[in-house]
4 protein chains.
Amino acid sequence: MKITASVFLVMLVAFAAPWAMVSSGAEQEAQRKMTKEDVDRLMTELSNWGRWGKEDQLGAVNLITEAKRKQAAALVKEGFSVSLARDTEKERAEDNQSPYEHTMTMSGVNNRAQFSMDAFRVSYHGYQHTHLDALCHMFWNGKMYNGFPQEEVTKKGAAKLAIQNLKQGVFTRGVLMDVPRLKGVKYLEPGTPIYPEDLEAWEKKAGLKLTAGDAVFIRTGRWARRAEKGPWNISVNSAGLHASCAKWLKARDVALLGSDAASDVIPSGVEGLMLPIHQLALIALGVNLFDNCDLEPLSEAAAKRKRWEFLLTAAPIPLTGGTGSPLNPIATF
Amino acid sequence: MKITASVFLVMLVAFAAPWAMVSSGAEQEAQRKMTKEDVDRLMTELSNWGRWGKEDQLGAVNLITEAKRKQAAALVKEGFSVSLARDTEKERAEDNQSPYEHTMTMSGVNNRAQFSMDAFRVSYHGYQHTHLDALCHMFWNGKMYNGFPQEEVTKKGAAKLAIQNLKQGVFTRGVLMDVPRLKGVKYLEPGTPIYPEDLEAWEKKAGLKLTAGDAVFIRTGRWARRAEKGPWNISVNSAGLHASCAKWLKARDVALLGSDAASDVIPSGVEGLMLPIHQLALIALGVNLFDNCDLEPLSEAAAKRKRWEFLLTAAPIPLTGGTGSPLNPIATF
Amino acid sequence: MKITASVFLVMLVAFAAPWAMVSSGAEQEAQRKMTKEDVDRLMTELSNWGRWGKEDQLGAVNLITEAKRKQAAALVKEGFSVSLARDTEKERAEDNQSPYEHTMTMSGVNNRAQFSMDAFRVSYHGYQHTHLDALCHMFWNGKMYNGFPQEEVTKKGAAKLAIQNLKQGVFTRGVLMDVPRLKGVKYLEPGTPIYPEDLEAWEKKAGLKLTAGDAVFIRTGRWARRAEKGPWNISVNSAGLHASCAKWLKARDVALLGSDAASDVIPSGVEGLMLPIHQLALIALGVNLFDNCDLEPLSEAAAKRKRWEFLLTAAPIPLTGGTGSPLNPIATF
Amino acid sequence: MKITASVFLVMLVAFAAPWAMVSSGAEQEAQRKMTKEDVDRLMTELSNWGRWGKEDQLGAVNLITEAKRKQAAALVKEGFSVSLARDTEKERAEDNQSPYEHTMTMSGVNNRAQFSMDAFRVSYHGYQHTHLDALCHMFWNGKMYNGFPQEEVTKKGAAKLAIQNLKQGVFTRGVLMDVPRLKGVKYLEPGTPIYPEDLEAWEKKAGLKLTAGDAVFIRTGRWARRAEKGPWNISVNSAGLHASCAKWLKARDVALLGSDAASDVIPSGVEGLMLPIHQLALIALGVNLFDNCDLEPLSEAAAKRKRWEFLLTAAPIPLTGGTGSPLNPIATF
């Protein structure tokens, strides 16, 4: 048996969504209207397939050169680090269908041995746990990034594009795009789309420009809203990037993309596609995605310093054949 | 039912150990002889309890100041990164009693949906998986680091000294102490103790000296030996630091200690104590331990550059109440 | 990231449901119309709270007396057994949000040891795995069966009404109510309600009558339909008992109730209640529920013998504090 | 890091074992002395390979005919059931290297939804959890029961001899052989071998004789001793059947064998073989094994009734490809 609340919310949202979209900018929405065909076209137009060779499995991480890494290290002016990970949530909630299962197999109570021990199990995909999506996480017309067939992903794990390809870690310039701060609100309402103009407005306000190889983090204020109003079903109602941002991200040659939810605005506004940004990033661009980052402390730290760039370090657990990994990305100023 | 081989090996080792120790330096051993009482005395003598306040839960990580972090960032001369993590081992072996349990819950085969997914479970302590021990992992006379009672660790998790205290990550100078290279061998034989003289000889050879706040990695060549000879029961026979090194580590004010096994030489040579280095580091010094790092690629990268220092970044999954975390430490040159 | 298909189906169903209900018997539905208030009234009217004492945690299982067990054993005329469990499904599907995670930790390939081993993890509730719900699985106005407060169920487990109360197993007369066979169809369409008249018609056709202490299994043909048409989202669209059947089940003094889905018709037809049968059975009657049984082989075995009663044996894993258990119920003729 | 106590105990036992065996019946031991060659010979001599066809995967369960099942049902004189399963142990101990990992993913505290939920993970083999070994659990010279090669057991699961072969459950006469009661002690000391004479003496005392198709349970009193003295490392020191009993079990044509530990006496007394009874039963005879049953309540119930036979019902979770299953066997008198 499953919880009823989730299903009811889904129904509610299903009915409410059209109205919600109208209310959050009907005209802009009309201009921005994209269809599944438009996205299909972008899958080719923006494609990085073959750009780093036919056998390449790294994708846009290739844009992080040694020079880029040195520049990123030079961003450490102060030696202050802040985590972009959420604490591990262990209880089911509207936005946590699969809590961390953490078991103390040896505690300190009535224990004459010298050690405490624990174990944990996690199904890290979804809309709660901070994690990095591997390029094998998503398919389109039977293919993954660089044209690898989805059949490479079997019960044994992903033979191509698995997360252990990022075993050497991510070390690059990180940039926070703080959209609520741009708009002068605490957080965006669920369903609010973010457009390329917003990103450019933020660049202007922050006084920087994205450059090739950056790791970009889009703050929607999701966790601030959750702290205030409680959890909601992010899988059907989330602020995030509109599909039209994909082109912009390609123009800037972003290496990695992250968000405090799942990057995509949901509903996407593109009929028949739940997560066009996911699809375009993971499959066409070869851009790995950080989902469900906690960007609240980073937002505060950045604002205090008026610096929106930093050294970003992140290293997935090299889970052989894995479709991603929970991890703890760190911003160092 | 359990595997027989492990038990037989244990028996073998139990019988063989005295002989092994004699053969690997009988006289030196005699001089170095330490008793449980000696270690008990060191628990007080080397103690950092109270050094950073009565409520401190960070321990020697306090030695990593912002200045130290800046200096560490400045070690990035080249922008080359190398992982210190092992790939996740999924099959039982002599040194892997608790393999990663990795399950593809959605593969690409016969899948008309757009996503692949997986989940994993890990009991990361032990002698196989790369992980970081939290300060709550070990008890001594009912206490943990800074005097916290072991009863703080309950079935709900550790209320004190849990791994999420290191949520902001480790960012400091890392130093590799490559003992096999010092001794001109491919790897140390299991049971070989490493003494303070060895560490000093390495400092001399490497042309550097440990300084306060460093993260030190001791290579024994364990994985090179495993690749050549197959796995063996590390829990009863491992090269590593002799108990007398604790004093030396305190003198250098090391912030973190790591190894390609579990830091301790096993058998420890101290009657009645399995892991005196673990005990002294985690409890007296407040030094978190990286266990089972893969130091082979690092050894190669360092030797090629003739540089044994680097920026070390490592960030545990902030498992609330956890006694440690699997993770992927990264050295950047 | 999560699969899109599920969400779309939910939306579809949310829109389609009113129409579906109309088409599957508009008039009957109108007569049968029950409100949340009607169900609330039944929660008291049908209540077994206090019937077996204030401290009772067994509920309707008390109806299985030693005499009943002997009679049940006497139903074994032939010595033929058939399982009511599904094979463990390991891949995500519309009706399997949480597949069995089964890991071979030691296989026979390249294994010089003598043993193979495995481990598994299961979140057994939901709409796929055959399991038994404990009485602590559901709350109503802060209470569970017999008035125990829901706060008895903590992170440590259920202090009351946990599954280990059924540790001695279920051993009683089982009766199959084969509704598709009654109606001359292979399976009921999702959303089809089953009414008390249907149950009585089946009693007549089968030539038996339920008696106190029986374990009753309601076949909807769910697995036959799944084999033919593929999985669908049972959590929003399932054939099953209409809420009005609760009174009938109480009149017959049924000890346990099972089904090939989750017993309830979904949508329930009672506004504001997802699973009124679950609520009335688990909380008011103290009737444990077998969910997701495979009743196809039983249906065949029973029809072949023209016998719809049998010895039912079922024993949960006595998971201390558990809210239920996966298990393998057996019918013996 | 792992607990030290276990390793020390192993060492202790390794040294102590020869003495222990001498003290517990030196002469008898000498007469009974078996070598690995003797056991190898028995592997052929007692073999049931081919007895039920070349493709047979059921093994000795074939001995449970429909007639046998009817006779077993007729043993239910009273309608009293008792579980042979241990409650699930969740904390590490000397005899519990792999505790049940049970997680409440939704409790009743601060929960406005209507449901509580949990999940669990278990590595059920070993010396703590009540479980049934499948015939694929053990190899000998590259083969399993009936000559199937061990390579049939891959990372995907066992293609032959997996536990789901017993999906229809076990339903037969059960017999308790209460060796401590025979010897007038509360429990046997660890390491005590049980010989065929003991089994025959018990038959005489109990006034019954094993017949083809029986499920036989050997009580050593392990749990009584554990309750009194605390856990010890069963994997190296356990009372149980001496290898010479295999011939006797074949002569009686037993269908299943169970025990409150792992059936075998440990140390086995056969040099070079840890678990000869396991090997002979699972591989040569095709007899599935119930490990770690709780036989204390059964012993009491049987003694009270002076009846040592009963209906035994047990049904594994049909884990596709599994090497066994946790389960809850039930004795009904």
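In chain B of this predicted model, strands β2(B) and β3(B) pair in the antiparallel sense over 5 bridges. That pair is half of a story that crosses from one chain to another, since the open sheet of 4 strands runs β2(A)-β3(A)-β3(B)-β2(B). Below is a quick tour of that sheet, then a 9-stranded sheet in chain C, some helix packing in chain A, a helix in chain D and one residue in chain B.

**The sheet shared by chains A and B**

- Pairing throughout this 4-stranded sheet is antiparallel, and the twist averages 15 degrees from one strand to the next.
- β2 of chain A and β2 (101-106) of chain B stand at the edges with a single partner strand each, so one side of each has no neighbour in the sheet.
- On the chain B side, B:E101 has B:R121 of β3(B) as its bridge partner.
- On the chain A side, strand β2 (residues 101-106) and β3(A) also pair in the antiparallel sense, over 5 bridges, and A:M104 stands opposite A:D118.
- Where do the two chains meet in this sheet? β3(A) pairs with strand β3 (residues 117-122) of chain B, antiparallel and over 3 bridges.
- At that join, A:V122 stands opposite B:F120.

**A closer look at β3 of chain A**

- Strand β3 (residues 117-122) of chain A is mostly covered, with 6 of its 6 residues buried.
- As a rule, side chains in a regular strand alternate between the two faces of the sheet.
- Here both faces are covered: A:M117, A:A119 and A:R121 are buried on one side, and A:D118, A:F120 and A:V122 are buried on the other.

**The 9-stranded sheet in chain C**

- Chain C has an open sheet of 9 strands with mixed pairing, in the order β1-β15-β13-β7-β9-β11-β12-β4-β14.
- Which strands sit at the edges? They are β1 (81-83) and β14 (324-326) of chain C, and each pairs on one side only.
- From one strand to the next, the twist averages 25 degrees.
- The edge strand β1(C) is joined by 3 bridges to strand β15 (residues 330-332) of chain C, and the two run antiparallel.
- Within that pairing, C:S83 stands opposite C:I330.
- A helix lies on this sheet too: α4 (residues 66-73) of chain C lies across β7 (170-178) and β13 (309-314), running at about 60 degrees to β7(C).

**Helices around α9 of chain A**

- Packed helix pairs are described by the angle between their axes and the distance between those axes.
- Helix α3 (residues 36-45) and helix α9 (residues 276-285) of chain A have axes that come within 10 Å and cross at roughly 20 degrees, which makes α3(A) roughly parallel to α9(A).
- The crossing of α3(A) past α9(A) is right-handed.
- A:V39, A:L42 and A:M43 of α3(A) make this contact with A:P276, A:Q279, A:L280, A:I283 and A:A284 of α9(A).
- How do those contact residues divide between nonpolar, polar and charged? There are 7 nonpolar, 1 polar and no charged residues.
- Helix α8 (residues 245-252) of chain A packs with α9(A) as well: their axes come within 10 Å and cross at roughly 35 degrees.
- This is a right-handed crossing, with A:C245, A:A246 and A:K250 of α8(A) in contact with A:I277, A:L280 and A:L285 of α9(A).
- Here the contact residues divide into 5 nonpolar, no polar and 1 charged.
- A:L280 appears in the contact with α3(A) and in the contact with α8(A).

**Helix α10 of chain D**

- Helix α10 (residues 296-305) of chain D has several buried residues: D:L298, D:S299, D:A301, D:A302, D:A303 and D:R305.
- What covers them? The cover includes the strands β1 (81-83), β7 (170-178), β9 (215-219), β13 (309-314) and β15 (330-332) of chain D, along with α5 (179-183).
- Just after α10(D) comes D:K306, whose phi is positive, near 50 degrees.

**One buried residue in chain B**

- B:V216 has its place in strand β9 (residues 215-219) of chain B.
- Is B:V216 buried or exposed? Its relative accessible area is 1%, so B:V216 counts as buried.
- Leaving out residues up to four places away in sequence, B:V216 touches B:V175, B:M177, B:L210, B:V254, B:L256, B:L257 and B:G258.
- B:E55 is 161 residues from B:V216 in sequence, and their C-alpha atoms are 26 Å apart in space.

Conventions: Residues are numbered from 1 along each chain as its sequence is written. Chains are lettered from A and ligands numbered from 1 in the order in which they are written. This is a predicted model: local features need pLDDT of at least 70, side-chain atom pairs count only at pLDDT 80 or more; totals for chains, interfaces and linings use all residues. Side-chain values use heavy atoms; hydrogens and water are left out. Buried means under 20% relative accessible area, exposed over 50%, partly exposed in between (1.4 Å probe, protein chains only). Contact means heavy atoms within 4.5 Å. Axes are lines fitted to C-alpha atoms, for helices over the stretch in contact, and angles run from 0 to 180 degrees between N-to-C directions. Angles under 35 degrees count as roughly parallel, over 145 as roughly antiparallel, 65 to 115 as roughly perpendicular and the rest as oblique. A crossing is left-handed if the near helix is turned anticlockwise from the far one by less than a right angle, and right-handed if clockwise. Ala, Val, Leu, Ile, Met, Phe, Trp, Tyr, Cys and Pro count as nonpolar, Asp, Glu, Lys and Arg as charged, and the others, Gly among them, as polar. Two strands pair if DSSP finds at least two bridges between them.
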